[in-house]
Amino acid sequence: MAGDKFLTNLQKRFGDKITGSNLGAIDPWIEVSPAGLVEVCRFLRDDADLRFDYLNCITAVDYLETDPKKAAKTGWDPHLEVVYHLSSIRKKHTIVVKVKLPRWKDDEEGELPELDSVSGIWSTADWHEREVYDLSGIRFLGHPNLRRILCPEDWVGYPLRKDYEMPLDYHGIRGR
Amino acid sequence: MATQVDGEKIIEFDVRTDEMLVNMGPQHPSTHGVLRLVLRTDGELVSEVTPHIGYLHRCAEKIGENLTPRQWIPYTDRMDYLAGMNMNLGWALCVEKLLSHTLSDKAKHLRVIIAELGRIASHLVGMGAYGLDLGTFSPFLYAFREREKILDLFEEVCGARLTYSYITPGGATADLPQGWLQKCEAFLSELEPIISDYHALLTTNAIFIKRTCAIGVLTPEMAIDYGCSGPVLRGSGVDYDLRRDGEERYTDMYDGYAFEVIVERDGHYPKDHNYPPVPVDAILGDCWHRFYVRMLEVMQSIDILRQAMDRYSTASGDYGEPIKLTTKLPKGEVYLETEAPRGQMGFYLLSDGSGSIPWRVRARSSSFCNLSVCPEICRGVPIADIPAIVGSLDIVMGEIDR
């Protein structure tokens, strides 16, 4: 996959929906705005030269430094990042797609941030998005069945958030 | 109940069936651990299957955010506990990728030996347990007899029989002991003739063929769409194996090895072995093919192992020292997938560059994706076929729930 040509092609097609990129990283990545995610993903899957037909993994990373002393030095504002690892079985190449999200919708604590689901593009996303919802607290719009998958359905909180606190008690079972 | 025989088909009258929800698991003996399936049935037929997972969830990823990469190795063992060595390998390569660490040839060949031996052990359990799912007990005993010998070999290498923590970022914890290669070779020559017994017990067994052929057919498009990998993907005829198609850091290990990806091409499997023929009833992508790919991979692994042992004994360099516990991780993120016995096992590692503890780790589990296709291929089958289909996916719950 020719790196620069690929990127200019994407930027020409999607304009400011491509918000960043680093094709020189160990795993080359592009950053997409939340509004353009589904559109870009559909293109990546269907374009004859790209054919990213295989979604390997969806990861959510919580960028929040809970220690106020260290927080000043981090160089980023608290946010969430969803990372999509794509590859192509036919063309044998890979790409990473990233999306930045606020930690809470409209900065209101407890309101989950929202992102369009890509489960209509790759069915792998169905369970992976459920897992991200379950553990990192991101609501995927248009997902057919957004329920917790690994934790019990009445679990409180999102364990992979950096400010998560382990509950002291779950149905009479002592937590710590 | 009146019955009418219409040719070979028996039509039943006056049997009124109601829709019923049947709960299978989490402790049903044929659900491979703590998997719970809720079946919507109408008589014998299942119209919908809903898997419920998470009974073994330990949130290893959260634990990984508080440990250094070397400390997290034991947690990778406990993901796919039937192939601990392969899990260690995936994580070790991922960490090395972030550190841009290169290995000596000797360490690479050592890893191939260990990984392929782990693959054989894992496929043996997969085979035996599949027999159990279908109601035959003896293949399980045969499989475990041979697996036991592999565990003995592993025990000699690292002292553990299930959770090895042997392959570490930087190399391995120890070199192979003196005389180990001879023992391994003796085991392989013992195992090779036994494989025809397995084929007689299961692969070509008439009852087994009836239970698995043309059942749970997974089309290649669906397999790719659902992110299936490993024998499940190849059983559907998709020619993809990370040992050949993966990242350079991983395929480098297998560089120069002669092996052919086990997949049906142009209507036949690789012809270099004396394989039992494909039954006429089998359809590409059914339970039988998934099982068959696993069986052929055992033979393939024996081949690779022999090559690896030759190379190892003449290779230069040493087996590699584990990285220090407090090795500072550079800022950056890496993702790496390896071909574990059950499919593509991926690890993601993100470091903010502040120390030796990663900011985020993530494990992409192959069984997780393989299981997610189960509602699709279990639609409209009799209840008795559910264990046959789920068993053919060869899942390990420790890996799914992490």
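Reader: How many bridges join strand 3 of chain B to strand 4 of chain B, and in which sense do these strands run?

Author: In this predicted model, six bridges join strand 3 of chain B to strand 4 of chain B, the latter being residues 36–42, and the two strands run antiparallel. One pair may serve as an example: Glu19(B) has Asp42(B), in strand 4 of chain B, as its bridge partner.

Reader: To what sheet do these strands belong, and what is the order of its strands?

Author: They belong to an open sheet of four strands in chain B, whose order is 3-4-5-11 and whose pairing is antiparallel. The edges of that sheet are strand 3 (19–24) and strand 11 (381–382) of chain B, for each of them pairs on one side only.

Reader: Let us turn to chain A. Which strand pairs with strand 3 of chain A, and over how many bridges?

Author: Strand 4 of chain A is the partner; nine bridges join the two, and they run antiparallel. Within this pairing, Ile58(A) is matched with Tyr84(A) of strand 4. Strand 4 of chain A also pairs with strand 5 (residues 94–101) of chain A, in the antiparallel sense and over eight bridges. There, His85(A) has Val96(A) as its bridge partner in strand 5.

Reader: What lies between strand 4 and strand 5 of chain A in the hairpin, and which residue there takes a positive phi?

Author: The hairpin has six residues between the strands, and Lys92(A) takes a positive phi near 60 degrees.

Reader: How many residues of strand 4 of chain A are buried?

Author: A residue is called buried when its relative accessible area is under 20%. By that reading, nine of the nine residues of strand 4 of chain A are buried, so the strand is largely enclosed by the rest of the structure. Both of its faces are covered: His79(A), Glu81(A), Val83(A), His85(A) and Ser87(A) are buried on one side, while Leu80(A), Val82(A), Tyr84(A) and Leu86(A) are buried on the other.

Reader: What area do chain A and chain B bury between them?

Author: The general idea comes first. The size of an interface is often given as the accessible area lost when the parts come together. Here chain A and chain B bury about 3,500 Å² between them, with 58% of it on carbon and sulfur atoms. On the side of chain A, Tyr54(A), Trp127(A) and Leu150(A) lose the most area to chain B, together 21% of what that side buries. Counted by residues, 39 of chain A are in contact with 42 of chain B.

Reader: How many salt bridges and how many residue pairs in polar contact are found between chain A and chain B?

Author: Five salt bridges are found across the interface of chain A and chain B. One of them links Asp27(A) to Lys97(B), with the closest N and O atoms 2.8 Å apart. The residue pairs in polar contact between the chains, both residues being at pLDDT 80 or more, number 22.

Reader: Which elements of chain A supply residues to the side that touches chain B?

Author: Strand 3 (54–63), strand 4 (79–87) and helix 4 (124–136) of chain A each supply at least two residues of that side. Strand 3 of chain A gives the most, with ten residues. In character, the residues on the side of chain A that touches chain B divide into 23 nonpolar, six polar and ten charged.

Reader: Where is Cys59(B) found, and is Cys59(B) buried or exposed?

Author: Cys59(B) is found in the loop between strand 5 (45–52) and helix 1 (60–64) of chain B. Its relative accessible area is 11%, so Cys59(B) is buried. Leaving aside neighbours within four places in sequence, Cys59(B) is in contact with Pro159(A), Leu160(A) and Arg402(B). Arg402(B) is 343 residues from Cys59(B) along the chain, yet their C-alpha atoms are separated by 6.1 Å.

Reader: Where is Pro28(A), and what does Pro28(A) touch?

Author: Pro28(A) is in the loop between strand 1 (18–22) and strand 2 (29–32) of chain A. At 25% relative accessibility, Pro28(A) counts as partly exposed. Not counting residues up to four places away in sequence, Pro28(A) touches Asn22(A), Leu23(A), Ile95(A) and Val96(A).

Reader: What are the phi values of His171(A) and Asp394(B)?

Author: Phi of His171(A) is near 50 degrees, a positive value in a residue other than glycine. Phi of Asp394(B) is likewise near 50 degrees. His171(A) is in the loop between strand 8 (169–170) and strand 9 (173–174) of chain A, and is exposed, with a relative accessible area of 61%. Asp394(B) lies in the loop between helix 15 (385–393) and helix 16 (397–401) of chain B, and counts as buried at 4% relative accessibility.

Terms used: Residues are numbered from 1 along each chain as its sequence is written. Chains are lettered from A and ligands numbered from 1 in the order in which they are written. This is a predicted model: local features need pLDDT of at least 70, side-chain atom pairs count only at pLDDT 80 or more; totals for chains, interfaces and linings use all residues. Side-chain values use heavy atoms; hydrogens and water are left out. Buried means under 20% relative accessible area, exposed over 50%, partly exposed in between (1.4 Å probe, protein chains only). Contact means heavy atoms within 4.5 Å. Buried area is the accessible area (1.4 Å probe) that two parts lose on being put together, summed over both. A salt bridge is a side-chain nitrogen of Lys or Arg within 4 Å of a carboxyl oxygen of Asp or Glu. A polar contact is a pair of N or O atoms within 3.5 Å; within protein, one must be able to donate a hydrogen and the other to accept it, and residues adjacent in sequence count only if both atoms are side-chain atoms. Ala, Val, Leu, Ile, Met, Phe, Trp, Tyr, Cys and Pro count as nonpolar, Asp, Glu, Lys and Arg as charged, and the others, Gly among them, as polar. Two strands pair if DSSP finds at least two bridges between them.
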